[in-house]
Amino acid sequence: MTIFPLRVRVLIAPGADLATNPGGWPWRDITPWVRAGVRITRGRADDTATTQPGSCSLTLRSPAGRWMPGHPLSPEYPGWDVGCPLRVQVWWAGQWYTRYTGLVAEIEPTLPDRAVGKDSPSAPFEVGVLASGLLRRVGQGSAVRSPLLRLLGELPLDGWLPLEDGPGVARPEVRVPGQPRASATLVTYGVVDGDIPGAARVVRMDATTSTINMTVGSVGAGTVASRIVSTVGFFMTSPSLDTEQDLARIAVASLVIDRLIVRANPSGLRVTAYDRDDVQLDTVVRAWPTGADPRAGWVGVQVVLERPTLAPTVLIRIRTYPVGSTTITTSTSTGISTGSLGGMTQVTLLAAGVVGTSYSHLHVLNDSVDLPGTAWAASGYVGEEAGARLVRLCAEQEVPLAPVATTETPMGAQTAGTLIELAREVEQTDGGILYEAFDGRLAYLARVARYNPTVALALTYGQLAPPLAPARSDQHVRNDWTATRPGGGQAQVSDEQHVARRGRYEASVQVNTATDDDLPNQAGWRVHHGTRDELRYPAISLNFARSGLEAVIPAWLATGIGGRVTVSGVPAGLSPAGLLDQVIEGYTERLDATEWTVALSTSPAAPWRIAVVDGEDRVAADGTVLAADLPAGASQMLIRSTVDNGSWTTDAQDFPVDLRIGAGVGESVVASAIASAVRDSYSRSVASGWGVADSGHSWTIDSGSGADYSVSGGVGVISLVGSAERRIVVDCGSAATQELRVHLTVPVVPTGAPINAGALLRRQDASNYYWIDLQYETSGALTLRLVKRVGGMITQVATMPAPVGGSTAIARVLIARVDGSVIRAKVHPANEPEPQWAPWPLVVTDTDLTTGTGVGIIGRAASGNTNTTPGPTVRVDNLALREPQVVSLTARGGNGIQRAWPAGTEVDVWYPAVVPL
C-alpha cells in the first residue's frame with residue numbers, strides 16, 4: 001500500500017454544543033482551504049511533567065477574508081471564531097482515523113506584503129490557526145467552588161444562603177435569582193473551619209442575640225390533590241450549647257400553621273408548630289444520632305413539612321446526621337390537620353443562646369420532591385474513589401469525559417477549587433495521567449491501568465528516524481520522598497542504598513488520600529520511580545516515509561498516551577540487552593500530503609512492572625552481595641545476605657530464577673539452585689575423622705587426633721578426652737558473613753564440671769577464631785557463650801543463660817552468625833521450629849577478627865568433669881552454613897554482558913517484585 005500522497009482532512013463544527021459528546025457534533029470538511037501541513041502535540045514531555053493542553057497548528061488560505069473571525073461578509077460568519085471545534089483525520093486502509101480534536105484558541109491573520117509590490121490588492125490573506133484541547137479551556141475558565149456550592153447549585157432551590165462569604169461583606173450573598181436580599185446581625189463572615197470540608201467558609205454568631213435572616217424567593221401553593229414537601233436545611237455547630245434554646249424560626253404559608261420553632265439542646269432537637277394565636281399544634285423530638293453532637297462537630301439538619309397522601313394531614317419530620325457520615329436519622333410527628341399547605345417563606349437562624357454557634361448553607365426547597373441528600377457533599381466526599389470523583393466533577397460542569405476505569409484510590413475531602421485544580425488533585429493522588437482523547441473529550445488513564453502494559457508499538461532500531469539521543473542525568477533522581485496530606489500527617493520513605501551510591505535527592509508531595517495510612521505507600525511508590533538507574537530516551541522518532549514503516553502504521557494509529565513501545569536490535573553501546581522498553585508520555589505528529597513524522601516523548605516502562613500471583617517477579621534481595629570474587633567464566637558464585645532479609649530460598653520449586661549481578665544494568669544470569677555453602681547430614685560411616693561433607697568440603701582436624709572423630713548412625717561424633725579442645729573445620733571461602741546452624745547433642749548430664757559444644761567462625765588458624773557454644777551445666781541448665789581466641793589467648797566475651805535447658809535426648813539447634821563486627825547467637829530445641837522473627841538473645845560487637853574463612857565445630861569437657869562411663873561426647877547433625885550461600889549458574893551474560901565481578905558486588909533478582917501503590 002502506498003503511503004503518499006497522504007490523505008489528511010481538517011473538519012470544523014461551528015455551533016456545536018460543547019457540553020455534549022464530540023461524536024455528535026455537526027462536522028464539515030474545510031481541507032481545501034488548508035495551505036500547508038498540520039502539526040499536532042499531545043501529552044507531556046516526560047513522566048515527571050504535567051500534561052499540557054494538546055494543540056494543533058495549521059494555516060488556512062483566506063480569500064476575501066473568508067477565515068477572518070467576526071467578518072460579517074464571510075460565508076463562515078458567525079460560526080467561525082475562537083471556540084469553534086476543529087478535528088484532524090488521516091485516511092488509512094479504507095477509513096478515516098481521528099488524530100486530534102480540540103477548540104480553536106488563536107486565529108492570527110497574515111497580511112500580504114504590498115509595500116514592495118509583490119502582491120495585488122486581491123492577494124489572499126492567510127490565517128494561522130491554533131487549536132487547543134479541553135485542558136486549556138477548563139484551566140482558564142473555571143470558578144472556585146466548594147462541594148456544597150457545586151451540589152446545591154444544581155438543585156431548583158427557592159432560597160439559598162451559602163454563607164461562604166468573605167470577611168469583608170456587609171450581608172450574606174443570596175444565590176437564587178429573584179430571591180430578596182438577606183441580612184445578618186452581630187456575625188463574623190469568612191470563618192474557615194476544617195471540620196466541614198464541603199464549605200469553603202462559614203458564618204459565626206458573635207453574640208447571644210445574633211441572627212441570620214433569609215426570605216424565600218418563591219413559595220409554592222399546594223392543592224388538595226398534590227403531595228407537598230417543603231424542606232429547610234442547614235449545617236450547624238455550637239460548641240457552648242448547654243441548655244435548650246431556640247435555633248431557628250421558620251415562617252410557613254398555611255391557613256393553619258403559622259411558624260415552626262426549632263430548639264436545640266445537648267441531647268437533641270425539638271420542632272414545634274404554632275398557629276397565629278401561639279397555640280401549639282404539634283411537636284416532634286429527635287435525639288442526636290451517634291456521632292452527631294453539635295458541641296463537638298458539625299451536624300446537618302433538615303426540617304420537613306409533608307402531606308404524604310390525599311388526606312388533609314401535615315407531618316413534621318426532623319432529619320439529622322453528623323458531617324462525615326451519610327447515615328441520616330429521622331423522626332416524624334403525629335400530624336396536623338390542615339386543608340392546604342404552601343411552603344416555607346422565611347427562615348431566621350439564631351445563636352441558640354450562646355456565642356460561637358456557626359452556620360453553613362441555609363437552603364429551602366418548596367416542591368413536591370424530597371431534597372437530595374447533602375451529607376456526603378458536606379464531608380467533602382471523603383472516601384470517594386478517585387475516578388468517580390473525576391466523573392462527578394466533569395458532569396457538574398458539563399465537560400465531556402471519556403469513560404474512566406476504576407482507580408482503586410479512595411480520596412480525601414474535596415475542598416474548594418477550580419475543576420482543573422481538583423482534577424489535578426485526583427491525578428496527583430492516584431498517579432495516573434489526565435489528558436485529552438483523540439475525540440476531544442477529557443480522558444484519564446488510571447494508575448492501575450498502567451500496570452504491566454502489553455506492547456502497543458513494537459519497533460526495530462532500523463525503523464527509527466535519527467536522532468536517537470539517550471541521556472543519563474540526575475534530573476529525575478529522587479530517592480527520599482515525603483508525602484503529606486491536607487490537614488493530616490506525613491510519611492517519609494528513602495532508599496538508603498541508592499542514597500549511599502548517588503547522594504540524597506529529597507522531594508515532597510501533597511496527596512489528598514482518605515487517611516494517613518496510605519502516605520507511606522505514596523512516598524514509597526515515588527521512591528521506586530525516582531531510583532531507576534537507566535538511560536532515558538527523551539525522543540524516539542518515526543518517519544513513515546522510510547522503508548519498512550508501512551507495517552507499523554496500524555499499531556501507531558491504535559496507540560495513545562501511556563502506550564508501551566519497544567525497540568529491538570539496538571546497538572550494545574546504547575542497550576546491552578539490545579532492547580529499549582518505554583512508555584509514551586506525549587508526542588508531536590506532523591501530517592501533510594508528503595510528510596508523516598512522529599517524535600515520541602517517552603519514559604522507562606520498567607517502573608510499571610509489578611508483581612502478580614505466579615509471575616516471574618521475585619521479592620527484591622535488598623542487600624545481597626557477592627561473598628567472593630566471581631571470575632568471568634565461573635558457573636558458581638558465593639553470595640551473602642543481610643540479617644534483616646535473611647538467606648535466599650533453597651527450595652527446588654523456586655528455580656530456575658533470573659538474577660542480576662551489579663548495580664544498574666549489570667549482568668543477567670540464570671540460577672538453577674541455591675544452597676548453603678557447607679552442608680553435612682553425616683549419612684556415611686567414617687571411623688577416623690569426618691571425611692567429606694555433603695557439599696564436597698573435606699573436614700580437617702584442627703585439634704586432637706583422628707581417633708577423636710567419627711561418623712556413624714547419621715551423626716558426627718566428637719570424643720572428649722581430658723579437658724583439651726576438640727576442633728574440626730572446613731574452609732567456606734568467605735569471611736565477611738558466616739551463619740552456621742547445627743544440631744548438637746550431649747548424651748550425658750555433665751558431672752563435676754560442664755561440657756561445651758559449639759561452632760567456630762572466622763577461623764584464621766589454630767590460634768585465631770570465634771567460638772560460640774552451648775555450655776551444658778551440671779544442673780541441667782544451658783549457658784550461651786561467646787569466646788574468642790586471638791593470638792592464642794582465650795577471652796570469654798559474653799555469656800548468658802540460654803532460653804532453653806539442656807537435654808540428653810533432644811538436640812539443641814545452635815545458630816551462630818558473624819556479620820561485619822556483629823556476632824549473634826540463638827538456640828532452640830530441635831523438635832520446635834526456629835523462631836524466625838524473634839530477636840537474637842546474644843548480640844555482641846567485636847572487631848578483633850575480621851578475616852578467616854574457616855568454620856567448624858568445637859567440643860570440650862571442662863577441667864574437673866568426671867563423666868567417664870560412657871566418656872563425654874558431642875554428637876553433631878544437620879549442619880548447614882546458611883551464610884554464605886552457593887549459587888549454581890546455568891547461564892551467564894543473558895543481556896549481552898559477561899565479565900568478572902569483585903566481592904561486594906550487588907546481587908538481586910532480575911525482575912524485583914514491585915508492590916503496587
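This section describes pockets, cavities, strands, a helix and unusual backbone sites in a predicted model.

The second largest pocket has a volume of about 690 Å³. Its lining comprises 25 residues. Closest to the pocket centre are Arg44, Asp47, Thr48, Gln428 and Arg526. Three elements each supply at least two lining residues: α5 (419–430), β30 (506–510) and α8 (519–530). The largest share comes from α8, with 4 residues. By class, the lining of this pocket holds 11 polar, 8 charged and 6 nonpolar residues.

Cavities were examined next. The structure holds 2 cavities of 30 Å³ or more. The largest cavity has a volume of about 90 Å³. In total, 13 residues line the largest cavity. Nearest its centre lie Trp25, Gly102, Leu103, Leu134 and Gly440. Both β6 (95–110) and α1 (134–140) supply at least two residues of this lining. The largest share, 3 residues, comes from β6. The lining of the largest cavity divides into 6 nonpolar, 5 polar and 2 charged residues.

The second largest cavity contains about 30 Å³ of space. Its lining consists of Arg42, Tyr100, Thr101, Glu436 and Ala437. By class, 2 of these residues are nonpolar, 1 is polar and 2 are charged.

Helix α4 spans residues 386–396. Of its 11 residues, 8 are buried, so the helix is largely enclosed by the rest of the structure. The buried residues are Ala386, Gly387, Arg389, Leu390, Arg392, Leu393, Cys394 and Glu396. This list includes the charged residues Arg389, Arg392 and Glu396. The buried residues of α4 pack against four elements: α2 (147–152), α5, β24 (433–436) and β25 (442–445). Helix α5 thus appears in two settings: it packs against buried residues of α4, and it supplies at least two residues to the lining of the second largest pocket.

Cysteines were also considered. Cys394, in α4, counts as buried because its relative accessibility is 1%, below the 20% cut-off. Cys732 is buried too, with a relative accessible area of 5%. The structure holds 0 disulfides.

Strand β34 covers residues 595–604. Here 8 of the 10 residues are buried, so the strand is largely enclosed by the rest of the structure. Strand β34 pairs with β33 (residues 579–592) in the antiparallel sense, over 10 bridges. Within this pairing, Ile584 has Thr602 of β34 as its bridge partner. A hairpin joins β33 to β34 through 2 residues. Strand β34 also pairs with β31 (residues 540–543). This pairing is likewise antiparallel and has 4 bridges. Here Ile540 has Leu600 of β34 as its bridge partner.

A further buried site lies in strand β23 (residues 358–367), which contains Ser358. Ser358 has a relative accessible area of 5% and is therefore buried, as that value is under 20%. Residues up to four places away in sequence aside, Ser358 touches Val202, Val203, Arg204, Phe235, Met236, Thr237 and Trp298.

Backbone geometry showed several sites of note. The peptide bond from Phe4 to Pro5 is cis, with omega near 0°. Pro5 lies in the segment before β1 (8–12). The peptide bond from Glu883 to Pro884 is also cis, again with omega near 0°. Pro884 is placed in strand β52 (residues 873–892).

Positive phi values were found at two residues that are not glycine. Glu398 has a phi of about 55°. Glu398 sits in the loop between α4 and α5. With a relative accessible area of 53%, Glu398 is exposed, because the value is over 50%. Asn452 has a phi near 45°. Asn452 is found in the loop between α6 (447–450) and β26 (455–460). At 33% relative accessible area, Asn452 is partly exposed, because that value falls between the 20% and 50% limits.

Note on methods: Residues are numbered from 1 along each chain as its sequence is written. This is a predicted model: local features need pLDDT of at least 70, side-chain atom pairs count only at pLDDT 80 or more; totals for chains, interfaces and linings use all residues. Side-chain values use heavy atoms; hydrogens and water are left out. On a 1 Å grid over the protein atoms alone, a cavity is a set of points where a 1.4 Å probe fits but cannot get out, and a pocket is an open set with protein on both sides within 12 Å along at least five of seven lines; lining residues have an atom within 4 Å of a point. Grid points are joined across faces, edges and corners, and a volume is the space filled by probe spheres set on the points. A disulfide is a pair of cysteine sulfur atoms within 2.5 Å. Buried means under 20% relative accessible area, exposed over 50%, partly exposed in between (1.4 Å probe, protein chains only). Two strands pair if DSSP finds at least two bridges between them. Contact means heavy atoms within 4.5 Å.
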